[in-house]
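Subject: Structure for your review

Dear colleague,

I am passing on the structure we spoke about, and below it you will find an account of what came out of the analysis. Please read the notes with the structure open beside them.

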Amino acid sequence: MTEQFTHLDAAGHARMVDVTAKQPTVRSATASGRVVCDPTVVAALRDGTVPKGDVLAVARIAGIAAAKRTPELLPLAHVIGVHGVVVDLDLTDEGVSLTATVRTADRTGVEMEALTAVSVAALAVVDMVKGLDRSVRIADVRLEAKSGGRSGDWRRDA
């Protein structure tokens, strides 16, 4: 089977895929990630005593804003209508678990928007706690599921 990369033209140059002829369909994508930090940071997050303020609220808003700005960051991403973004952050014993789900009714998927939302939300967490823990790190950013479009539904196996 010969696979053709749709982001390359006949000469091998990068190009934006033309989705004009595609019909808009309802699509969604979910991504996840983690911010791993020291137990003292987890305690400060739980107690609400992080000096920079409400870390989870800031990260949630950062993730939502990032999903809407994905085409500004990724040069071959399409400008699409981002119709819904949910960013969930949960405290764990190891740090913060992040999940973002992005929805649209458009001609192309929102996988990059979901991954961008999780990544930027994680960066916001790091920015707000780095003064308490210089070893804080982002881990395991990945696509968990997508639905809609020509390729249909996909879900990561456990």
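Read from the N terminus, the elements of the protein follow the order β-α-α-α-β-β-α-β-β, which amounts to four helices and five strands. Please keep in mind throughout that this is a predicted model. The C-alpha atoms fill a box of roughly 55 × 30 × 30 Å when it is taken along the principal axes, and buried residues make up 39% of the 158 residues. Of the contacts with a separation of 6 or more, 70% are between residues 24 or more positions apart.

As for annotation, the unreviewed UniProt entry carries "domain: Molybdopterin cofactor biosynthesis C (MoaC)" over residues 16–149. Over that range the chain is 34% helix and 32% strand, and the end C-alpha atoms lie 18 Å apart.

The sheet

The five strands form an open sheet in the order S2-S3-S1-S4-S5, with antiparallel pairing; its edge strands are S2 and strand S5 (154–155), each of which pairs on one side only. In general, strands of a sheet pair through backbone hydrogen bonds, either parallel or antiparallel. S1 and S3 are joined in the antiparallel sense over 12 bridges, and within the register of S3 one finds Arg 34 opposite Ser 97 and Ser 32 opposite Thr 99. On the other pairing, eight bridges join S2 to S3, again running antiparallel, and these two strands form a hairpin with three residues between them. Here Leu 89 stands opposite Leu 98 in S3, while Val 85 stands opposite Val 102 in S3.

Two of the helices can be placed against this sheet. H2 lies across S2 and S3 and runs at about 150° to S2, whereas H4 lies across S1, S2, S3 and strand S4 (137–147), running at about 25° to S1.

The nonpolar core

Which residues touch the most other members of the largest nonpolar core? Among its 36 residues, they are Val 35, Leu 89, Val 96 and Leu 98. The elements that give two or more residues to this core are strand S1 (25–36), helix H1 (39–47), helix H2 (55–68), strand S2 (84–91), strand S3 (95–106) and helix H4 (111–129), and H4 gives the most, with 11 residues. Two of the residues named above, Leu 89 and Leu 98, are the pair that stand opposite each other across S2 and S3.

Val 96 shows how these parts come together: leaving out residues up to four places away in sequence, Val 96 touches Gly 33, Arg 34, Val 35, Leu 45, Leu 56, Leu 89, Asp 90, Leu 91 and Val 125.

Two individual residues

Thr 104 lies in strand S3, and is Thr 104 buried or exposed? Its relative accessibility is 3%, and because the cut-off for buried is under 20%, Thr 104 counts as buried. The side chain of Thr 104 has two polar partners to look at: it reaches the backbone oxygen of Gly 81 at 2.4 Å, and it makes a polar contact with the side chain of His 83 at 3.5 Å. Once neighbours within four places in sequence are set aside, Thr 104 is in contact with Thr 25, Val 26, Arg 27, Ile 80, Gly 81, His 83 and Val 110, so that both polar partners, Gly 81 and His 83, also appear in the contact list.The other residue is Asp 127, which UniProt lists for "active site" in an unreviewed entry. Asp 127 lies in helix H4, the helix that gives the most residues to the core, yet at 38% relative accessibility Asp 127 itself counts as partly exposed.

With kind regards

Definitions and conventions. Residues are numbered from 1 along each chain as its sequence is written. This is a predicted model: local features need pLDDT of at least 70, side-chain atom pairs count only at pLDDT 80 or more; totals for chains, interfaces and linings use all residues. Side-chain values use heavy atoms; hydrogens and water are left out. A nonpolar core is a set of buried Ala, Val, Leu, Ile, Met, Phe, Trp, Tyr and Cys residues joined through side-chain atoms within 4.5 Å. Buried means under 20% relative accessible area, exposed over 50%, partly exposed in between (1.4 Å probe, protein chains only). Contact means heavy atoms within 4.5 Å. UniProt positions are given in the numbering used here, feature names are shortened, and annotations may be inferred rather than shown by experiment. Two strands pair if DSSP finds at least two bridges between them. Axes are lines fitted to C-alpha atoms, for helices over the stretch in contact, and angles run from 0 to 180 degrees between N-to-C directions. A polar contact is a pair of N or O atoms within 3.5 Å; within protein, one must be able to donate a hydrogen and the other to accept it, and residues adjacent in sequence count only if both atoms are side-chain atoms.
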